[in-house]
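Visitor: I would like a close look at one part of this model. Please start from a single residue and work outwards from there.

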Amino acid sequence: MSTLATTIEAILYLKGQPLDIGKLAELARCDREDVEEGLIELMNDYAHRDGAMEIVETVDGYCLQLKERYRFLVDLLIPIDLGVGALRTLAAIALKGPISQTDLVDLRGSGVYQHVPELVAQGFVRKRRQAEGRSSLVQVTDKFYQHFEIDQLPQLRPKGSPAAPVSPADAEAAPEFEPEPEPEPEVELELEAEAAS
């Protein structure tokens with residue numbers, strides 16, 4: 001394999017998430033055409049290997065992942081060691097995040113102070129200190145999406161209200177790290193994490 005193909009392989013391995021051609025070109029410090037050639041070479045090489053990994057193209061870009069027939073090893077070798085309370089806190093962070101730890105305590109109770117460090121230690125959540133000494137923001141990591149095999153999360157809305165469509169322009173205009181407003185009291189959190197494990 002060429003040096004560029006092995007560089008792309010290393011990038012996909014280290015990032016652990018799908019990357020589009022533009023991002024791969026930026027990280028590999030080359031142009032898009034070279035990345036496309038490198039990807040073809042890499043995908044061809046992986047297609048002829050009898051290994052556990054594969055390069056796949058998804059809607060979000062290209063990624064290096066475990067072949068489907070080996071997915072059972074994830075739960076066998078890397079089991080989730082989380083209680084129901086921590087799983088519910090994780091679900092709340094996933095659905096509402098990024099969310100301030102203070103708002104999360106209001107939503108889930110004081111058990112959050114034990115759950116968040118546990119979730120951070122297991123790599124499912126990251127904390128980021130806000131300016132002016134305000135409460136930390138918490139949000140799920142790429143490991144959460146990979147482990148639970150979730151591409152995107154449902155939008156929360158009050159009971160009985162229709163789903164509001166979000167245009168791509170509105171989604172891009174939304175700030176990356178701004179918490180959503182507090183939910184109405186009737187909003188229900190559904191825990192899908194238990195079903196996925």
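Visitor: Where in the structure is the place of Gln 101?

Guide: The model is a predicted one. In it, Gln 101 belongs to helix H6, which covers residues 101-108. Is Gln 101 buried or exposed? Its relative accessibility is 11%, and since buried means under 20% relative accessible area, Gln 101 counts as buried.

Next come the neighbours. Leaving aside residues up to four places away in sequence, Gln 101 touches Val 112, Tyr 113, Val 116, Lys 127, Ser 135, Ser 136 and Val 138. Two of the names on this list, Lys 127 and Val 138, are worth following. With Lys 127 there is also a polar contact: the side chains of Gln 101 and Lys 127 are joined at 3.4 Å.

Lys 127 and Val 138 lead into a sheet, where Val 138 of strand S5 is the bridge partner of Lys 127. Val 138 is also the bridge partner of Ile 99. A further pair puts Arg 126 opposite Gln 139, again in S5.

How are the strands of this sheet arranged? The sheet is open and consists of three strands in the order S3-S5-S4, with antiparallel pairing. Strand S3 (99-100) and strand S4 (125-128) stand at the edges, and each has a single partner strand, so one side of each has no neighbour in the sheet. S4 is joined to S5 (residues 137-140) by four bridges, and these two strands run antiparallel. S3 and S5 are also paired in the antiparallel sense, over two bridges.

The faces of S5 can be checked separately. Leu 137 and Gln 139 are on one side of the strand, Val 138 and Val 140 are on the other, and all of these are buried. Both faces of S5 are therefore covered, given that buried means under 20% relative accessible area.

A helix is found across these strands. Helix H5 lies across S3, S4 and S5, and it runs at about 95° to S5. H5 takes in residues 84-96, which makes 13 residues. From its first C-alpha to its last, H5 reaches 18 Å, close to the 18 Å expected at 1.5 Å a residue. The helix is mostly covered, with ten of its 13 residues buried. Among the buried residues of H5 are Leu 87, Leu 90, Ile 93 and Leu 95, and Lys 96 is on the list too.

Gly 85 also lies in helix H5. At 26% relative accessibility, Gly 85 counts as partly exposed. Not counting residues up to four places away in sequence, Gly 85 touches Arg 108 and His 115. Between Gly 85 and Gln 114 there are 9.7 Å in space, C-alpha to C-alpha, and the two are 29 residues apart in sequence.

Now to the salt bridges, of which the model has three. One of them is between the side chains of Arg 49 and Glu 9, at 3.7 Å from N to O. This pair links distant parts of the chain: Arg 49 is in the loop between helix H3 (32-47) and strand S1 (53-58), while Glu 9 is in helix H1 (residues 3-15), 40 residues apart. Arg 49 is partly exposed, with a relative accessible area of 33%, whereas Glu 9, at 18% relative accessibility, counts as buried.

Arg 49 also forms a salt bridge with Asp 45, where the closest N and O atoms are 2.7 Å apart. Asp 45 counts as partly exposed, at 27% relative accessibility. Shared partners thus join Glu 9, Asp 45 and Arg 49 into one network of salt bridges.

There is also a salt bridge between the side chains of Lys 23 and Glu 26, at 3.4 Å from N to O. Both residues lie in helix H2 (residues 21-28), three residues apart, which is about one turn of the helix. Lys 23 has a relative accessible area of 32% and is partly exposed. Glu 26 has 51% and is exposed, because exposed means over 50%.

To return to the starting point, Gln 101 is a buried residue in helix H6, and a polar contact joins its side chain to that of Lys 127.

Key:
Residues are numbered from 1 along each chain as its sequence is written. This is a predicted model: local features need pLDDT of at least 70, side-chain atom pairs count only at pLDDT 80 or more; totals for chains, interfaces and linings use all residues. Side-chain values use heavy atoms; hydrogens and water are left out. A salt bridge is a side-chain nitrogen of Lys or Arg within 4 Å of a carboxyl oxygen of Asp or Glu. Buried means under 20% relative accessible area, exposed over 50%, partly exposed in between (1.4 Å probe, protein chains only). The expected span of a helix is 1.5 Å times one less than its number of residues. A polar contact is a pair of N or O atoms within 3.5 Å; within protein, one must be able to donate a hydrogen and the other to accept it, and residues adjacent in sequence count only if both atoms are side-chain atoms. Contact means heavy atoms within 4.5 Å. Two strands pair if DSSP finds at least two bridges between them. Axes are lines fitted to C-alpha atoms, for helices over the stretch in contact, and angles run from 0 to 180 degrees between N-to-C directions.
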